[in-house]
Each structure stands twice: as C-alpha cells, then as structure tokens.
Amino acid sequence: MSALSLRGVEKVFNPGSDQEVRAVHGVDLSVERGEFISVIGPSGCGKSTLLRLIGDLTPPSSGTVLVNGKTPAKARLDRDYGMVFQSATLLEWRRVQANVELPLEIMGMDAAERSRQAAAMLELVQLDRFANHYPWQLSGGMQQRVAIARALVFKPSILLMDEPFGALDEMTRERMQSELLRIRAETGTTVVFVTHSIPEAVFLSTRVVIMSPRPGTITEVVDIDLPEPRSDETREDQHFFELLTGVREGLRAVEDS
Amino acid sequence: MTYRAEFLRRLYFRLPAIGIFVGGLIVWEGLVRAFDIKGFILPAPTAIATTFATETADLLTAGVGTFSTALAGLLLGGLLAVLTALAAARWRFVRDGALPFAIAANSTPIIVLAPIANSWFGLRSPFGSIFVVAILVFFPVMINLVRGLLSVDASEIELMDSYAAGRRTTLWKLQFPHSTPYLFSALKVAAALSLIGAIVKEFFGGSQERLGQYITTKAGLLQFEEAWAAIVLASLFGIALYNIVVLIERRVIPWHVSVRNA
Amino acid sequence: MSPNARRLLSFLGILAVLVAVWEGYKWMGTATGGVWPGTGIDLPVRTNERSMPHTWDIIIALLRPARRGGDMLLLVLLKAALFTWRSALLGFVLGSAVGFGLGVLFVRSALAERGLMPHVVASQTVPILAIAPILVVWAGRLNVTRWLVVAVVSAYLAFFPVAINTLRGLRSPDATASELMRSYAATPNQVLWKLQVPAALPYLFPALKIAATASIIGAIVGELPASMPDGLGRAILNFAAAFSAAPEKLFASILVASLVGIGFVGIVVLAERILIPPSRRLEDVGEAAGPRGRALKEVVA
C-alpha cells in the first residue's frame, strides 16, 4: 500500500460561475512510504491546492485521494498529517515548549508524557535551550524549526510542507534544508514539499514533480538519484548541476507551452 | 448579477434578522394579550403603533427637534475632533499633552455635564444640548482618528521620504487617507451616541418639545404608550443617523475592506 | 527625560492651560462686563460666580462640610460614589459576561450572527434612561431591590463593546492557525479554548475599558429615575437643584464622578498590565509602540 495515491484528481473553484478556476486537473501520483516528493511549478499552478487536497483542507471536485489507503478525512481524524506552512504560525501566548506540546494536548496525552516528548523533539531540532522562550524572541529560522518540531511531535505518517523556507534568507534556507534531511533520516517520515526553488527541490527530494499552470497538471516527474546522505558537498556535485538543468528545462517547457 | 438577483441575495442574508424581529414582536404581542399585562408595565406593539398614528404631530415635532440638536452637536464635536487630531498628529507636544488628557476625559461619565450646560446656556436654549453632544462626541472621535493617523507603516513613511515629501504632504497624502476608516468607525459610534446624549441631556431639563422631556412627562402621567412610542422613534432616528454615516462611508472609502463586501 | 516623565509634564501643562483659560475667560468677562473686548457681543457663557466659580473654590468646597455641622463634602461624595460603584461593578461583570457570551455565540454560528447582530447594534440606539422608569416599575412588581435595576441599566451599556471586540478577537487568528487545528482534528471546543479565546484576550481589554466607563454612566443615569437616595446620580441632581446657592458643589460632585470613572478604568488597565505581556498588548495611542511608532517619532517629532 502506498503512502499516498492520487487518481484523476480535479479541483474547480466557483464551478459554473464566470469566476470559474480549474486549479488542479487530472493529477495521478503515487508516493511510497519514506519518499520525499517536491512539487514545483510557476506561481498559480495549483501546487498549494494540491497539498490542501491531500491534507483534507479542501475537497476534490472529482477523482480520488487515498492516504495510507484511507480517505483524507479519515487520515486527518487518525492524525496522519503533520503540517508546516510558509509562516511558522506559532501561538504567541505559548512558550516554545508549550507550542510543541499543543498537538499532544489536543490529542489528550497526559502532561508528563507530553512534556517528555516535546522536550525530545526540541532536542532533535536543536532548540532545547530555547524551550522557555516566547516565539517573538526567536529568529525566523528558529521559529520554523519549532514549527517542524510541532508537526513531527505526534509522529504523523506524512509531513505536508507548503514553502516552509520561502520567507528565509538563502543562508538560513540551506542550513534548514540540511537540518530537515537529518530530521527525516531519524524519523523516516514521508514528505510532500511544495516549493518554487529548483535547488531546494533537487537537494531534498527523491522525486521532483513539475506542474504547469491553468489548468494545474503534472507534466513531468524527475527522479533524483543523488547519493544519501546528502551534504553541502552534494550542492557542488556535477550530477547535482545536471539534475538542476533537467528540472529547469522541464519548467521552461511548461512556461513556453 | 442582475438587480433582482442582488436584491434577493441581500434579502436572504437579512432573513434571520427580519425573522427574529417579526417573531419577537409576535411573542411580545401574544404575551401582553395572554397574560393581560397592563399598559403601564408593558404596552403591546399594536398599542404603541396606534399611539404613533394618533400622536404623529407631537412625536415628530419632538423627534425632529432632538434629532437636529444631536446632528448639530455631532457635526460640531466631529469637526473640533478632526482639527485637534490633525494637530496631535503633526506636533508631538500636542500629542503628549492632549492624548492622556483625552483618554482620561473619555473615561469619565461626560453626561454629568448636562446640569452645567443648563445653567450656562439656559434651560430652553438649544446650545446646551449641542454643547453636551459635541463634548460627548469629541473624545472618542479624536482618539480614534489620532490612532488612525499614527498607524501608518514605517515603510510607507519611508516611501514618502524617498519622494522628498514634506511633513504636510505626508499628512495629507498618506496619513489622512489611511486614517479615514478609523474616522468612520468612530463616527458610526458617535452617531448613536449623539442622539442618546441629546435625550439624556433633555432629561435634566429643557424644552417640552423634545424627546427627552416628552418621555419624562408622559411617563410621569403614566401614559406609557406615548413614552414607548417616543422611545421607538428615538431608536429609529438613531438608526437613521448611523446609516447616514454608513452611506457617506461607502462613498468616501469604497476601497476599504470593511466596505468592499458590504 | 523619560517618556513617562515627559508625558506627565505635558499632561500637567495642558491642565494648567485649561485652568488658565477658565480663569482668564472669567477675568476677561468680569473686566468687560460680559462682552467680547472692544465689541458689544455677549460672551457665550456668563462669567459670574454662579456660572463659573473659581477653580480653587471648587477644590475648597470639597474640603468643607457638605451641610452645616455635617461630614466633609468629599467624604459625602465618596460614600455616594462607592454606592454607585457597587451597581456599576455588578453591571460591568454582568454586561461583560453577556458580551463575551454573544461573541462566542457569533463566532460559532453565522446564523446567530446574522439574526442577532443587527439587533445588538440597534440596541445601542435605544435611550436606556427612558426605559429605566419602566424597569423600576417592573422591579417593584417583582420585589427586586432597586440597585439591581441600576445594575441592569449599567450592564445594558457595558455589554456592547465587549461583544463587538470579543468577536473581533476570536476571529483574529490567521487562517493557517485554524488549518493547523483542523489538521490535529481538534474539536470546536478545543479550537475555542486553545486558539480563539487566548487570541481574543488582547482585544478584550480595550473593550473592558470602554465597558468600565459605560457601566459608571449607566449606574449614574440609572439612579435618576430609580430615585435612589444614596448614589452619585442623586447627589448631582440635588446639587444641580441647589445650583444658584452653591454652584461649586455641583462642579465638585462632577469632578468626583469623573475621578470614579478614571479610577475604574485604571483598575482595568492594571489588570491588563498584569495579565497581558507587553508584546501582546494592543497599541494604545499615546504610547506609540513598535516600528510604526518609531518611524513616526522621526517624522513628527
């Protein structure tokens, strides 16, 4: 059973009105457990909508989405999803530790266990020293690491990330990418990652999905056969550049059509 | 969308409110009839409506009198508030001194000035009511407008600086337009406040041909149908004044979020 | 000079200006015989001792006995103020609770908001003082003490700002925060108590400040038709009736009423300072905080 399977997925906003938008059209995709899939495409190509369809934040107009063989709604109720958005969305009245505990609290875990697991997670993202800080006392990159810790603390089977590093500067961004790979190596979570950065997609993924706009559909899937574990040397590898070129040409074909 | 469809959409949106209003009237009427409640405790809506018809002339005279003093006070107080707020935005010493004072004054029950207004301007003079309403309106409008004038983004100010705009240009081209939504939200509150203020002032004494005195007199004579009719009329005038401000707001700031989807 | 010291100084400066304007106007009117200098046009307000007592006479009146051989006026007024404040406090608590409840109801149910919100807004155009005598009649029938009626009038004025701002605050979290809660499969109650209510707290306090003032107004105004013998409303009415004999007493009682209002708001401000950390307090004018305030200081200073 695949971690994620999409068959003929369509999403039309405002159907039948003069503001009708076909955001996602005829998407087929199958993702195996433990894969890291990046979705890349020009803005307005429906990549965020695709992520929201998977995460049960919006229902598809037609087609089927299955997460671990279940409907997205069932998967959400089973707490299969960890989500990270472009903004960290930390609750400003909670300290870092309490922010990471939030999902556990909602799931009804007792206080001692909750505190233990959140602390372990903060250690994983190397922010254990900041457990008692408020979000505004942290830099943007640190806030995003807290958001990742919060998304992973209840051990979801699939991590959905919508341009999580989009608001960070290039240096922080590269550090966060390595950090994310290290965390994933330890947890083995399946990841679907939306981005508009080609190097980011290539560096992180096992496969890169290229989408075209209006209607948003998958035009190409590029296998990334870079060796694991990846490091800063990977970024200077000859093959890394070849893959960049491959993805870039795929995107250019989309924009020219 | 056609006008008809648009009208139906609006009607559908307002249906729950209309339903509660009509349902409330029916329950009220039913309760009064079922338990034979005496008029001096609670008159039935139909009794109030009948009074409206028989006392139209007196009620309208009193209503229009109160409404025009409230409007005059609203305009005077609003104008003074805008001028003070502009000065407070422009000069720091005005802001430092006047704002804490305005915030303190806004925490006081200003309506207690009514007896003083009576002794200053005379019981029958309309200036007493205008004075009280103007002061009542002044502080909330001024404070809100200053808040609006001061809440522009740093980057917007820097943009104006990059055009080498002077302080006065920045005030007129950036800060004032930015603050108009704040001004209108304060004016909406002030509109309702002005009418209540005028009526409460009239309770402390004033011309007989005003709603406040009309209500006290009729209540004193235990003619509660008349008193209730006057209360309803006062509310209608208040709602009317509020909606006049809303209409002006839609004309002046059609670009603002609060107006766009209304 | 610290910003607080500067503000205090500016405040005292304005106060001094206001006193000077009062006394100057009075002096000018006395000198010219009640007309604008060099003209025959009457001044809008007469300047005799009856209309405008000296500012110091008002202060002195507070320290003198209210009536021959009785307590100091200040003491009498403070007792009346305490009595009024009791109704106001109950009205404040009642009104805030109702306002908060309405806010929660409206954020939960769009239908309730559409059905009730227009009436909530319209309720504030009803001249409540006009209804107070009727409430007094009801209270008499139901054997309810009259100060409770006053508290109800006070609550009627207090609930509105709390309802509006609670709703605004409950709606303030980002859409992504709500989606996050959805991804945790949180129940509506969990969303309310873990996300919406904490987010609404900073919005609640500015509304509570308005409600505090409104509840005092409601209590003073409500006391008038309720013929309460002990409160500030009655004191003001009595001194207004005796205005020609002792105008400074009316001014003094108005001064005390104002201080009661400021004091009540002060208590709310104190609670806000304790409960809401500075980074979350909604920007108050005067203390223009954050980057916006800084930029403005450069532009306007």
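How many residue pairs are in polar contact across the interface of domain 1 of chain B and domain 2 of chain B? Hold that thought for a minute, folks.

Quick housekeeping. This is a predicted model, where local features need pLDDT of at least 70, side-chain atom pairs count only at pLDDT 80 or more, and totals for chains, interfaces and linings use all residues. Residues are numbered from 1 along each chain as its sequence is written, chains are lettered from A and ligands numbered from 1 in the order in which they are written, and side-chain values use heavy atoms, with hydrogens and water left out.

Okay, chain B. An automatic or database domain assignment splits chain B into domain 1 (1-37) and domain 2 (43-260). Their centres, taken over C-alpha atoms, sit 29 Å apart. Five residues from domain 1 and six residues from domain 2 make the contact, meaning heavy atoms within 4.5 Å. Together the two domains bury about 460 Å², with 66% of it on carbon and sulfur atoms. Buried area, by the way, is the accessible area (1.4 Å probe) that two parts lose on being put together, summed over both. On the domain 1 side, B:Trp28, B:Glu29 and B:Val32 lose the most, together 79% of what that side buries.

So, back to my question: the rule finds two residue pairs in polar contact there, both residues at pLDDT 80 or more. That term needs a pair of N or O atoms within 3.5 Å; within protein, one must be able to donate a hydrogen and the other to accept it, and residues adjacent in sequence count only if both atoms are side-chain atoms. And salt bridges (a side-chain nitrogen of Lys or Arg within 4 Å of a carboxyl oxygen of Asp or Glu)? Zero between these domains.

Now look at chain C and chain A. Here 17 residues of chain C are in contact with 23 residues of chain A. These chains bury about 2000 Å² between them, 62% of it on carbon and sulfur atoms. C:Arg182, C:Tyr184 and C:Lys194 supply 34% of the area that chain C buries there, more than any other three residues.

Across this interface the rule finds three salt bridges. If you want one to zoom in on, the side chains of C:Arg182 and A:Asp56 form a salt bridge at 3.3 Å, N to O. There are also nine residue pairs in polar contact, again both at pLDDT 80 or more.

That's my tour, thanks!
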